Amino acid sequence: MGEVIAATASIERIDGDVHTAHEIALARGGEVAEAAFFRLQPGVTAIDDAKAIHEAAKKAESLAWAAVAGIDHDADGLIGNIRDEMWNALGRPKQSSHMDAVFPEGIGTYTAGDPLGQPLLMQVLRARIVAADAPQWPEAKRNAWAAAIEAKREAYEAAVKSYRPIEAALVVAEAGYRAAVRGAHARLKNFKRDLKNLGLTEAQIHEIIPDASAGKKRGGTGTGEK
């Protein structure tokens, strides 16, 4: 006996099976096409609308993230350069309590981890540079380093601020797409029942609705629903 794809399958696979069944059923014409239009058409429309929103949200998120990644690269380079300048001013010692006070674990103290959190870490770095007391780092020089960090931090913070709502929109769009596919999956199962009521055999039904059990017979791991 054939099986409708399981609700636990990937969203993309369920989406594909719903569209395939809809297209084949409409091509059959007659009562089968009528049943598909009544049962599957609303689900297909909901999927297509949700997918369009999702794709647009993904594109917007990708562009916004590229802006964050670009400023992240620049900020990391600036932090590394300032760290080298500070180290060179000390004579490049193997160990330095002054360097450890500002860069406890190297530049990774401020550049590792989630890029969205780096502006806050750069604020900490700026404060530590201003408070540093090595004689080789005069106040004017420390203020110049701190100002460079702050200028880049502000640009970084602006990129992150712009990214956040776009990221949230993608999360919502993904949820909407999943919900539309789940709803269409329920319609697909009901469509199989409709076809049974029209007198189609299991074999005939799964000429229209993709048979999830076929993948299992070939060694697949997904489970289907009868």
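Let's start with a cluster: Arg126, Glu150 and Arg153 are joined in a network of salt bridges. Keep in mind that what you're looking at is a predicted model. Across the structure, the salt-bridge count comes to eleven, and a few of the pairs are worth walking through one by one.

Take Arg39 and Asp194, whose closest N and O atoms sit 2.8 Å apart in a salt bridge. This contact spans distant parts of the chain: Arg39 belongs to helix α2 (residues 30–39), Asp194 to helix α7 (residues 139–197), and 155 residues separate the two. How accessible are the partners? Arg39 has 16% relative accessibility and so counts as buried, and Asp194 is buried too, with a relative accessible area of 14%. The cut-off at work here is 20%: a residue under that value is called buried.

Helix α7 turns up again in the next pair. Glu85 and Lys141 meet through their side chains in a salt bridge, at 3.7 Å from N to O. Here Glu85 comes from helix α3 (residues 41–89) and Lys141 from helix α7, a link between distant parts of the chain that are 56 residues apart. Buried or exposed, or something in between? Glu85 is partly exposed at 35% relative accessible area, and Lys141 is partly exposed at 37%.

Finally, look at Lys192, which pairs with Glu202 in a salt bridge whose closest N and O atoms are 3.2 Å apart. Because Lys192 lies in helix α7 and Glu202 in helix α8 (residues 202–205), this pair ties together parts that are ten residues apart in sequence. Lys192 itself is buried, with just 3% relative accessible area.

How values were computed: Residues numbered from 1 in each chain as written. Predicted model: local features only at pLDDT ≥ 70, side-chain atom pairs only at ≥ 80, totals over all residues. Heavy atoms only, no water. Salt bridge = Lys/Arg side-chain N within 4 Å of Asp/Glu carboxyl O. Helix = DSSP H or I, 4+ residues; strand = E, 2+ residues; numbered from the N terminus. Buried < 20%, exposed > 50% of the residue type's maximum accessible area, 1.4 Å probe, protein only.
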